[in-house]
Amino acid sequence: MSKKITLLGSTGSIGTQSLDVIRAQGYEVFGLSAHSHVDKILQQIQEFHPKYVCMTDPAAAEKLDAALAGRADAPYLLTGPEGLKELAALEGPDVVLNSVVGIAGLGASLCAIESGHDLALANKESLVTGGHLVTRAVEKHGVKLLPVDSEHSAIFQCLQDKESAKSLTKILLTASGGPFFGMKTEELRGKTKADALRHPNWNMGAKITIDSATLMNKGLELIEAVWLFGLPPEKIQIVVQRQSIVHSAVQYSDNSVIAQLGVPDMRIPIQYALTYPERVPGVVPELDFAALKMLTFDVADEETFRCLAACKKAIKKGGLGPCAANGANEEAVKLFLEDKIGFLDIGRLVEAVVDSDSFGGDYTLSDVYECDRMARAFVQAHR
């Protein structure tokens, strides 16, 4: 069955892989958004002919508007963060896929849900920073929240048997371990941006690749899993699976474990979110068990990788704790990519923010944005 898709963050790593899936399935693109990559989104407009496009960077929006001037097939252009939310809310698509990076995706996620759209979520920060708001909106509006992260998609797939899902006792959330697996603090002290961007298994954007190197990505995913699957953090175990073949697993009350396996290719979870509940042939090769000689498992070292420890503290504190951790991390990673702080400073700053307040209690969307602002200011003051 043909579907219409609005894709937020279409020029990033997840966005371009989502378009591979959309192309292969013959789906229609209703809307696209990007931040500043004008040339890339022009190519996407040429191929997919969306009705609406949003550029969140105002200068890029002006450049795109000029490039589209006079074209009969030009999409309607929306601009800025408000334009992104407007695009997410527009009536027309069957699914909104949010692959925007960072807290910038939260408002769009809420707008999509509140407009009655099923949401395929690759923007983990929506749940990390505003999990209470997002899950409450999903329940209120009766829409589907479909996880796109490979680990959460794996768990989602393992829980499709509704009767068995009632006896879920533990989630085994896998991690590649990143480029620095097995190293201790002193070995990490001099690691550079180039070192941290060499991920062994996945091809991702710079922000997520750094988060993988610090294990912050796994901490954020643990928080996301708490909101998606309703288990407390102590029932979610981080397991290092270096080959990135076992994407995650669940354990039931009889201690049986069910896992989802596949090649390390994000187009598998993207496709399942878009075709759910059906499974269809796609563009990803099958897993070759004849060539698969070894699967290894290990524990995540949160004593060395303090971002993971900070995220566990944050979700246990509750309230805006995860939002503070995320905001601090976004700011710290930006500084690290600008060569203004060292690799270990990222974990130091994230943990310091989480330790700085109790963060508990209910919150509003404006509270989320204020907490994010304060966390970033804290990082700038203590870097």
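## Helix α7 and its surroundings

Two residues are in contact when heavy atoms of each lie within 4.5 Å. This report applies that term to a predicted model. By this criterion, the buried residues of helix α7 pack against β7 (145-147), β8, α12 (216-229), β10, β11 and α13 (267-275).

Helix α7 covers residues 150-158, and 9 of its 9 residues are buried, so the helix is largely enclosed by the rest of the structure. Its buried residues include nonpolar ones such as Ala 154, Ile 155 and Phe 156, and also Glu 151, His 152 and Gln 157.

## The open sheet

Three of the strands just named as neighbours of α7, namely β8, β10 and β11, also belong to an open sheet. This sheet has 5 strands in the order β11-β10-β8-β9-β12, and its pairing is mixed. Strands β11 and β12 (298-299) stand at the edges with a single partner strand each, so one side of each is left without a neighbour in the sheet. In general, strands of a sheet pair through backbone hydrogen bonds, either parallel or antiparallel.

Both senses of pairing can be followed here. Strand β10 (residues 246-252) and strand β11 (residues 257-261) are antiparallel and pair over 5 bridges; within this pair, Ser 248 stands opposite Gln 260 of β11. The two strands form a hairpin with 4 residues between them, and Asn 255 in the turn has a positive phi of about 70°. Strand β8 (residues 168-175) and strand β9 (residues 236-240), by contrast, run parallel and are joined by 5 bridges. Leu 172 has Gln 237 in β9 as its bridge partner.

## Strand β5 and its two partners

Strand β5 (residues 95-98) pairs in parallel with strand β1 (residues 4-8) through 4 bridges, and Ile 5 stands opposite Val 95 of β5. Strand β5 also pairs in the parallel sense with strand β6 (residues 118-121), over 4 bridges. In that pairing, Val 96 has Leu 119 of β6 as its bridge partner.

Which way do the residues of β5 point, and are they buried or exposed? Val 95 and Leu 97 point one way, while Val 96 and Asn 98 point the other way; all are buried.

## The nonpolar core

In soluble globular proteins, nonpolar side chains tend to be buried together. The largest nonpolar core of this model has 120 residues, and those with the most contacts inside it are Met 55, Leu 64, Leu 274 and Ile 346. Helix α15 (residues 321-337) gives the most to this core, with 8 residues.

Ile 346 shows what such contacts look like in detail. Leaving aside its neighbours within four places in sequence, Ile 346 is in contact with Ile 210, Thr 214, Cys 307, Asn 329, Ala 332, Val 333, Phe 336 and Ile 341.

## Aromatic rings

The model contains 7 aromatic pairs. One of them joins Tyr 272 and Tyr 276 in an edge-to-face arrangement, 5.7 Å centre to centre with 80° between the planes. Tyr 272 has a relative accessibility of 8%, under the 20% limit, and therefore counts as buried. Tyr 276, at 18%, is buried as well. Phe 336 and Phe 343 form another edge-to-face pair, with 5.8 Å between centres and 70° between planes; both of these residues are buried.

Ring pairs also link Phe 30, Tyr 52 and Tyr 76 into a cluster. In addition, the charged end of Arg 279 sits over the ring of Tyr 272, 4.4 Å from its centre.

## Cysteines without disulfides

A disulfide is a covalent bond between the sulfur atoms of two cysteines. How many disulfides does the model contain? The count is 0. For Cys 54, the nearest cysteine sulfur is that of Cys 111, 12 Å away; Cys 54 is buried, at 0% relative accessibility. For Cys 307, the nearest cysteine sulfur belongs to Cys 311 and is 6.7 Å away. Because a disulfide requires sulfur atoms within 2.5 Å, neither Cys 54 nor Cys 307 takes part in one. Cys 307 is likewise buried, with a relative accessible area of 1%.

## An exposed loop residue

Ser 358 lies in the loop between α16 (343-355) and α17 (365-382). At 51% relative accessibility, Ser 358 counts as exposed. Ser 358 and Gly 321 are 37 residues apart in sequence, while their C-alpha atoms are 7.5 Å apart in space.

Key. Residues numbered from 1 in each chain as written. Heavy atoms only, no water. Core = buried A, V, L, I, M, F, W, Y, C linked by side-chain atoms within 4.5 Å. Buried < 20%, exposed > 50% of the residue type's maximum accessible area, 1.4 Å probe, protein only. Phe/Tyr/Trp six-rings, centres within 6.5 Å; stacked < 30°, edge-to-face > 60°. Lys NZ or Arg CZ within 6 Å of the ring centre and 35° of its normal. Pairing = 2+ DSSP bridges.
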